[in-house]
Each structure stands twice: as structure tokens, then as C-alpha cells.
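Please report on where this protein model holds its ligand and where it leaves empty space. The sequence and structure come next.

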Amino acid sequence: MNEERIHHQACNLCEAICGLEITTRGEEIVSIKGDKNDPLSQGHICPKAIALQDLYKDSERLREPVRRNGDAWETISWDEAFTQVVNQIKKVQADYGNDAVGTYQGNPSIHSLGIMLFARNFLRQINSRNRYSATSVDQLPHHVAAGLMFGHSMLLPVPDIDRCDYMIILGANPLVSNGSIMTVPNVGNRLKALQARGGKFCVIDPRKTETAALADEHFFVKPGSDAHLLAAMITTVFEEGLFAPGKLAQHIIGLDKIEALCAAWRPENVETQCGIPAMEIRRMVREFCAADSAALYGRMGVSTQEFGSLCQWLIIVFNTITGNLDKEGGAMFAQPAVDFLKQAGAKGKSAFSFGGYHSRVKKLPEMQGELPVTTLADELLTEGEGQIKAMVVIAGNPVLSTPNGQRVSQAFSQLDFMVAIDSYINETTRHADIILPPATILERTHYDIIFHALAVRNTARYSEALFSKSPNQYNDAEIFLELAMRMQKHSPSLNVLDKLKLRYLKKHAAAFWLNHQLKRGPYGKSHGLTLKRLRAAKNGIDLGPLQPCLPQRLFHQDKKIRIAPEEITRDLPRLHRDLISSEQEKSRKESLLLIGRRDPRTCNSWLHNSKRMTKGKARCVAHIHPHDAKKHQLNTGQYVRVHSATGSIELEVLVTTDIKQGVISIPHGWGHNLPGVKMSCAVEHAGVSVNDLTDNSFFDRLSGNAVLNGVPVTIEAVLSTTQSFLAIG
Ligand SMILES: Nc1nc2c(c(=O)[nH]1)N[C@H]1C(S)=C(S)[C@@H](COP(=O)(O)OP(=O)(O)OC[C@H]3O[C@@H](n4cnc5c(=O)[nH]c(N)nc54)[C@H](O)[C@@H]3O)O[C@H]1N2
Ligand SMILES: Nc1nc2c(c(=O)[nH]1)N[C@H]1C(S)=C(S)[C@@H](COP(=O)(O)OP(=O)(O)OC[C@H]3O[C@@H](n4cnc5c(=O)[nH]c(N)nc54)[C@H](O)[C@@H]3O)O[C@H]1N2
Ligand code: SF4
Ligand SMILES: [Mo]
């Protein structure tokens with residue numbers, strides 16, 4: 001009988017990076033609990049942490065490379081897989097040029113140390129302009145705003161929630177999502193603590209969300225109208241004499257332009273658009289400004305909409321002109337122990353690129369060497385020089401996660417070659433010729449590069465692998481080290497010397513890099529931070545609350561904030577046209593506006609092969625308001641057919657007053673019932689994909705980011721085939 005052992009590890013499934021205490025007996029996991037001594041998460045976990053063991057145990061998870069042969073898959077050796085992948089990439093590039101190989105990196109990429117450190121070299125070897133990622137179905141507007149204003153796309157303000165007195169949450173549901181661009185484990189308790197110390201928080205969301213239910217106030221907003229609201233809030237600040245940027249003012253260029261830029265928006269002329277009474281908007285602004293410290297925070301719901309970049313810009317402007325940027329309790333910047341931002345700004349070069357080149361078909365701008373994924377299918381399907389002929393998909397499922405996923409799927413099916421670095425044969429990877437599967441988080445070491453930089457408190461934590469992987473398994477780091485090395489050579493095979501070098505790198509490169517970064521990082525000297533020290537601190541190390549850091553940390557050479565960058569403000573006329581266009585012109589009377597919804601037991605598209613994550617009532621359900629339900633003769637439990645310009649889907653409906661009239665909410669990440677998907681539990685709980693409705697030609701014109709919220713749709717009641725069959729039979 002094996003003895004029980006207790007391990008400490010960080011969860012990497014979402015941005016909250018909770019500390020875990022995992023008890024094992026031999027190869028069995030006995031329990032997964034929150035680590036009470038983690039200085040950031042303080043014992044918090046969510047239901048998904050338990051799914052880590054399901055992932056580890058899942059017999060349908062690939063452990064060895066597979067090659068597709070028609071509809072069948074055969075296991076092949078790693079050597080054969082690497083050789084074929086590199087040969088095929090090189091062949092396509094020799095025939096059609098470098099840009100003929102497209103790459104897509106999904107969300108878990110940034111949660112994996114191996115991908116973060118080593119995929120870069122591989123992508124550099126591919127050297128294609130056709131680089132895409134989940135960034136452009138998510139937070140691209142944040143990067144564009146931060147890059148232009150602060151000089152670095154990752155210098156992103158985070159609410160100092162633990163010291164904040166007044167918080168406005170716009171288009172985010174952290175109680176369910178566990179926070180995003182705000183690493184905030186245990187957000188429920190943190191928000192309750194804010195209230196307990198006399199503070200207040202408001203939620204602005206078309207749905208009365210779980211977070212809204214806890215809030216002091218909730219306003220139902222019309223989807224896609226937030227930029228008007230935000231601009232009107234800024235005008236209110238000026239009109240009511242509340243403009244007070246404080247000592248930061250001397251470090252800002254363009255502050256004198258803001259009032260005029262936003263003057264066309266006043267609470268009184270946006271209230272119909274937004275659905276929030278002018279006097280409430282004014283009151284909210286007054287209360288915000290009266291608080292000792294306050295933070296306006298806006299996330300997914302306001303970034304994946306028609307004016308997403310303007311929204312993210314206006315949010316930073318509002319925090320700045322009310323004196324809350326870089327102030328305790330306001331919108332602050334985390335200081336990570338591994339300061340990857342600093343490296344980018346070194347050598348006097350600009351740390352940020354935007355619009356340096358444009359995509360071939362739709363001429364959308366690159367941001368940091370990436371093009372918006374809204375145009376991936378165009379680049380796959382439009383013939384001519386530069387057309388994508390081969391794809392590398394890393395930890396992503398764009399068939400379910402990007403707008404008009406069916407078109408992406410169809411385009412993938414026509415490729416000359418596709419490789420996926422993924423553990424599953426899913427809706428996307430079923431199109432691959434070869435799949436290289438990495439080991440799970442429980443079998444690899446981890447340090448979170450990204451999310452310590454977005455956390456509400458400065459901490460650091462290193463996790464050892466809990467289980468050792470079987471000798472024939474590779475982790476992400478090993479896969480990318482080997483791919484990069486083979487790509488670099490004229491022949492894809494390795495000689496003895498290469499093999500020795502690779503073995504050394506696989507064993508030591510990550511630890512060496514990490515140790516070096518920790519030592520030369522901001523806490524190297526002050527806290528004696530080394531990898532050894534971090535390894536010894538099994539629960540992680542507390543590095544204190546957020547600290548003011550401007551103007552020193554700005555990346556513009558002159559250390560000034562550009563508060564009104566021309567690249568952004570020139571999009572204001574588009575917003576203005578939207579403001580003055582009449583309601584009838586804009587939306588047909590029959591349309592509803594589609595928004596998304598997250599659920600505590602989902603992780604985008606990929607946790608549905610776990611029984612624990614899928615059991616119980618179906619969750620791929622549309623929420624609509626009773627008024628709209630009545631109009632279309634729908635009741636809870638019935639099926640609705642939802643149409644958009646892109647396609648239509650059918651799903652169950654739930655009638656609720658928790659959603660604004662005229663809005664329909666459908667979660668993403670479902671729709672597993674596609675031919676060839678080898679995830680039986682997911683297929684059993686397939687649901688439908690909302691991205692068969694979203695439209696890849698509807699994007700934020702400034703950044704190219706997808707519009708996933710505020711998509712016009714129509715609905716009609718259906719008797720599903722099974723229902724009508726039952727009715728007859
Ligand atoms: N309509 C609508 N669409 C949306 C959203 C929405 O709210 N509404 N949300 C958007 C957002 S915010 C995001 S981030 C995207 C996500 O979009 P994607 O990143 O494209 O999709 P995921 O569902 O996260 O798929 C992740 C894939 O990575 C694999 N994987 C998991 N862990 C690892 C690992 O450690 N290594 C490797 N190599 N592979 C791994 C999984 O098996 C899975 O296939 O979806 C977006 N799509
Ligand atoms: N359980 C779970 N947690 C997750 C994920 C998951 O799939 N499941 N995904 C992770 C990922 S990749 C991300 S990026 C984060 C995202 O984390 P959040 O940004 O918190 O995202 P959501 O929970 O989708 O919340 C977005 C909110 O915006 C609202 N909304 C929609 N349209 C509008 C609008 O026009 N205006 C306003 N004001 N609000 C609007 C929606 O009703 C919703 O409540 O969550 C992460 N955490
Ligand atoms: S909140 Fe996120 S990091 Fe924490 S346990 Fe859940 S999935 Fe893991
Ligand atoms: Mo995301």
C-alpha cells in the first residue's frame with residue numbers, strides 16, 4: 001500500500017492561478033483542495049480544479065503522436081512525427097513562400113511555461129506573417145490601448161481590488177470567470193471585503209450575472225453601447241468639475257484634448273442608446289469621484305464588441321482623469337518577479353508594434369506580429385500569392401472559438417498539411433495530419449509568466465511536476481525545443497551532437513532561464529529571489545501589495561503617457577455616426593442582440609470530456625427575457641432556432657428576467673457533435689456552437705478584434721425533430 005503524499009501546485013486552467021494542495025497515493029489522486037497558505041489565492045479553488053485529475057486520467061487523451069490516414073488515426077513515433085512535420089512545413093514554404101504556413105495559438109498557450117518559453121523559437125523559424133491567436137477573439141483591444149498609451153501591450157492596469165472603495169465592473173463576470181486581466185482568486189470574498197469596509201461596487205451588464213447579484217447596483221446595458229456610455233461618463237467628469245488627474249498630469253501628453261474629443265457624448269444623449277437613465281450615469285460618476293479610491297474595470301464583454309478598442313481606451317482615460325490611475329485602490333500595475341515586459345523594451349527599441357503591416361485579403365493591422373483571427377479563414381480560402389496552405393495549431397480550438405467557426409473548419413479541411421500540438425482529437429485537430437500531444441500540467445513544472453503580471457497582489461510561485469511522465473511522453477517545452485532545432489537545420493533529422501544538446505536544453509533550459517530572470521528581476525536583490533528559494537517556498541512567496549510605478553515603468557522613451565493617441569481617436573467619428581444614426585436604421589425591429597455567457601464548470605471548449613464537468617442539467621441553453629419569449633411563444637425547456645447573417649443553431653431556451661429585454665445569451669465552447677471528434681463524453685453533451693452564428697466580417701474596425709457580443713440575430717420557436725417525433729408517436 002502506497003503512502004499518502006501532499007503536493008503543492010498552482011492550477012493553470014484560468015487566470016486566477018490558485019494554489020492547490022493535492023494528496024496522492026501512488027498514481028492515484030486522493031484529493032484536490034485549495035492551498036490555504038497561498039498568499040494570493042488563500043485557499044480558494046473552483047470546481048474546475050478537480051478536473052485536473054480527469055484530464056490526467058482521461059483514456060481518450062493522446063499520449064503519443066498520431067497520424068491521420070483518411071478517417072483513421074495511427075500511432076507513430078516521436079521521431080517520425082517530428083520529421084514529417086518539419087518536412088511538410090519546409091516543403092510548403094519552399095513551394096509557396098513562408099507566409100503559406102499559418103499558425104494559431106490558443107488560450108492555454110499562455111498558461112503553459114513550455115509554450116511561453118519555447119514556442120517562440122519555433123515560430124521564429126517558420127517566420128510567417130500569418131500568425132494568429134485567441135488574443136483577437138478576446139483582449140486585443142486592451143493591448144492596443146496599452147501599447148499606444150503606455151508603450152507596451154502588456155502594461156495593463158489592474159484594479160487594486162483589496163484597497164479599492166468604489167469599483168465599476170463593465171462586461172465582466174469574475175464570480176464565474178474568476179477574473180481576467182485581473183488575476184483575482186477568491187474574488188467573491190474580495191468584493192465582499194470591499195463592501196464590508198464601506199465601499200461599493202456596481203456592475204454594468206446586459207445580464208444580471210452572478211457578480212451583479214452580489215453588487216450594490218446593477219444596470220442593464222444594451223449590448224455594444226458601452227463606448228457611448230464611457231464617453232458620456234468622461235464628459236460628466238468635465239461638466240461637473242470633477243477633472244482631477246493629480247500629480248500624474250505632468251507625465252501625460254494630450255490631456256487637454258480629452259474634453260473636446262468626448263464632448264459629443266453626454267448622459268442625456270446616450271441614455272436611449274445604452275438603456276441607462278442619464279441621472280443614474282451622472283450619479284455613478286459623482287460617487288466614483290467622491291470615493292477615496294476607485295477603479296473602473298471592463299473586460300471581455302466590452303472588448304469583444306463593435307467599439308472594443310475605444311471602450312478599453314476610454315476606460316483608461318476615465319481612470320486617469322479621475323486621478324485613479326497608478327494610485328492605491330485604483331487601477332494599478334502589478335510588478336512580476338519575472339519581468340518579461342522589461343526585456344521587450346530593452347535596447348532603445350519600441351516595445352510595441354501596431355499596423356506595421358496588414359493582412360493580405362482584408363488589410364487588417366498586425367499587433368505585435370500577429371494578425372486578427374477574424375480574417376484567418378479569408379487567408380485560408382482566398383487564392384493567390386500568400387494564401388495559407390498549411391497550419392500549425394497550438395493549444396487552440398478555433399473551429400469552436402472563433403466567429404464563423406464552420407467556415408474555419410471547412411478551410412482547414414482543404415489544407416495541404418496541418419499539425420496540432422494538442423492532447424485531443426477535437427473539432428479543430430480532427431483536420432490535422434499529425435497531432436503532437438503534450439503531457440498534462442500535473443506532469444510538468446510550472447511558473448506563471450503572464451498572470452503574475454496581471455495580479456491584484458504581487459506574488460510568485462513555482463510548481464514541481466506532481467507525477468513523472470512516462471518515458472515516451474513529451475511535454476510542451478520538449479516538443480517546441482525539438483521542433484525549433486529540427487526546423488533550424490537543413491535536414492529535419494538530428495545528429496548525435498544535436499541530440500546531446502537537445503537533451504541538455506530539455507533538462508535545464510527552463511530552470512536556467514527562470515533562475516536568471518528571478519535573480520535579475522525586481523525582487524532579486526530585495527527578496528533574494530532565486531529559483532532555489534522559490535522551490536523551497538512550496539506555497540509561493542508574497543511580494544506585497546501593488547505599488548505606484550509611473551512614470552518610471554512607461555515604455556515610451558520620453559516617459560510620458562499618450563492619453564489621446566491618434567491611432568485610437570480617429571475611430572471616434574465612427575462611434576459618433578453610430579450615436580446619431582436612428583434606432584430604426586441600426587437594428588431591424590425583429591432582431592435580438594446576442595451575448596455570451598460563461599459557466600463555472602467550463603474552460604472555453606475543452607473540459608467537456610470530463611464527466612464531472614458535464615453532468616447535470618444541459619448548460620448550452622439560450623437565455624431570453626419573458627417579453628421576448630412571449631412574442632415568440634416560447635417557454636423554458638422549449639427549443640428555439642436562432643438565425644444570424646452567418647448561420648443558424650437550435651437549442652433549449654430558458655426564460656428569465658435576469659436578462660435585458662431584446663438580448664439573448666448563449667455560451668460558447670459547445671458544439672462537439674462533429675464527425676471525427678474523439679471525445680465521447682463531450683460528444684454525448686455536445687450542445688451547439690454559438691460561433692456558427694457570430695460573423696467573422698463583423699469586427700472592431702480599429703483593431704480587427706472579433707465582435708462576439710452585440711451580434712444581431714432573430715429567433716423562432718421550433719419543435720425539435722425528437723419532440724415532433726415524440727408528439728406524433
Ligand atoms: N462566442 C464566443 N466565442 C469565444 C468567446 C466568447 O466569450 N464567446 N471567448 C473567447 C475567448 S476569451 C477565448 S480565450 C477563446 C479560446 O479559444 P481557443 O484557445 O482557440 O480554444 P480553447 O477552447 O481554449 O482550446 C484550447 C485547446 O488547447 C488544448 N490544450 C489545453 N491545455 C494545453 C496545454 O497545456 N498544451 C497544449 N499544447 N494544448 C493544450 C485543449 O485540448 C484545446 O484543444 O475563445 C473565444 N471564443
Ligand atoms: N468558468 C469559466 N471561466 C473562465 C472561462 C470559461 O470559459 N469558463 N474562460 C476564461 C477566459 S479565456 C476569459 S478571457 C475570461 C473572461 O472573463 P470575463 O471577462 O469575466 O468574461 P465573461 O464571464 O464572459 O463575462 C463577460 C460579461 O460581459 C457581459 N456582456 C456581454 N456583452 C456586453 C456588452 O455589450 N456590454 C457590457 N457592459 N457587458 C456585456 C456578459 O453578459 C458577461 O457577463 O474567463 C476565463 N474564465
Ligand atoms: S479559479 Fe481558475 S485557477 Fe483557480 S482552481 Fe478554478 S480554474 Fe483553477
Ligand atoms: Mo479568453
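## Backbone contacts of ligand 2

In this predicted model, a backbone N or O atom of G171 sits 3.4 Å from an oxygen atom of ligand 2. T602 brings a polar backbone atom to 2.7 Å from a nitrogen atom of ligand 2. N604 has a backbone N or O atom 2.8 Å from an oxygen atom of ligand 2. On its own, ligand 2 exposes 920 Å². The protein buries 97% of that area.

## The shell around ligand 2

There are 32 residues around ligand 2. S177, D205, D226, D599 and T602 come nearest. The shell has 12 nonpolar residues, 12 polar ones and 8 charged ones. Two helices, α5 (174-177) and α12 (300-303), each supply at least two shell residues.

Where does ligand 2 lie with respect to domain 3 and domain 4? Domain 3 (160-336 + 556-569) gives residues to the shell, and domain 4 (581-727) does too, so ligand 2 lies between them.

## The largest pocket

The largest pocket has a volume of about 1600 Å³. It is lined by 48 residues. Closest to its centre are M116, R120, R131, Q368 and E370. Four elements give two or more residues to this lining: α3 (113-126), β7 (131-133), α14 (340-344) and β16 (365-367). The largest share comes from α3, with 7 residues.

By class, the lining of the largest pocket holds 22 nonpolar, 16 polar and 10 charged residues. Domain 2 (66-138 + 350-447 + 462-539) and domain 3 (160-336 + 556-569) both contribute lining residues, so the largest pocket lies between these two domains.

## Cavities

Rolling a probe the size of a water molecule over the atoms shows where empty space is left. How many cavities of 30 Å³ or more does the structure hold? The structure holds 9.

The second largest cavity contains about 170 Å³ of space. Its lining has 15 residues, with H142, P157, Q312, I315 and I316 nearest the centre. Two strands, β8 (158-159) and β13 (294-298), and the helix α13 (308-321) each give two or more residues to this lining. What classes of residue make up the lining of the second largest cavity? There are 11 nonpolar residues and 4 polar ones, with no charged residues.

Methods
Residues are numbered from 1 along each chain as its sequence is written. Chains are lettered from A and ligands numbered from 1 in the order in which they are written. This is a predicted model: local features need pLDDT of at least 70, side-chain atom pairs count only at pLDDT 80 or more; totals for chains, interfaces and linings use all residues. Side-chain values use heavy atoms; hydrogens and water are left out. A residue is near a molecule or strand if one of its heavy atoms lies within 4 Å of it. A polar contact is a pair of N or O atoms within 3.5 Å; within protein, one must be able to donate a hydrogen and the other to accept it, and residues adjacent in sequence count only if both atoms are side-chain atoms. Accessible areas come from the Shrake-Rupley method with a 1.4 Å probe; for residues, only the protein chains shown count as cover. Ala, Val, Leu, Ile, Met, Phe, Trp, Tyr, Cys and Pro count as nonpolar, Asp, Glu, Lys and Arg as charged, and the others, Gly among them, as polar. Domain bounds come from an automatic or database domain assignment. On a 1 Å grid over the protein atoms alone, a cavity is a set of points where a 1.4 Å probe fits but cannot get out, and a pocket is an open set with protein on both sides within 12 Å along at least five of seven lines; lining residues have an atom within 4 Å of a point. Grid points are joined across faces, edges and corners, and a volume is the space filled by probe spheres set on the points.
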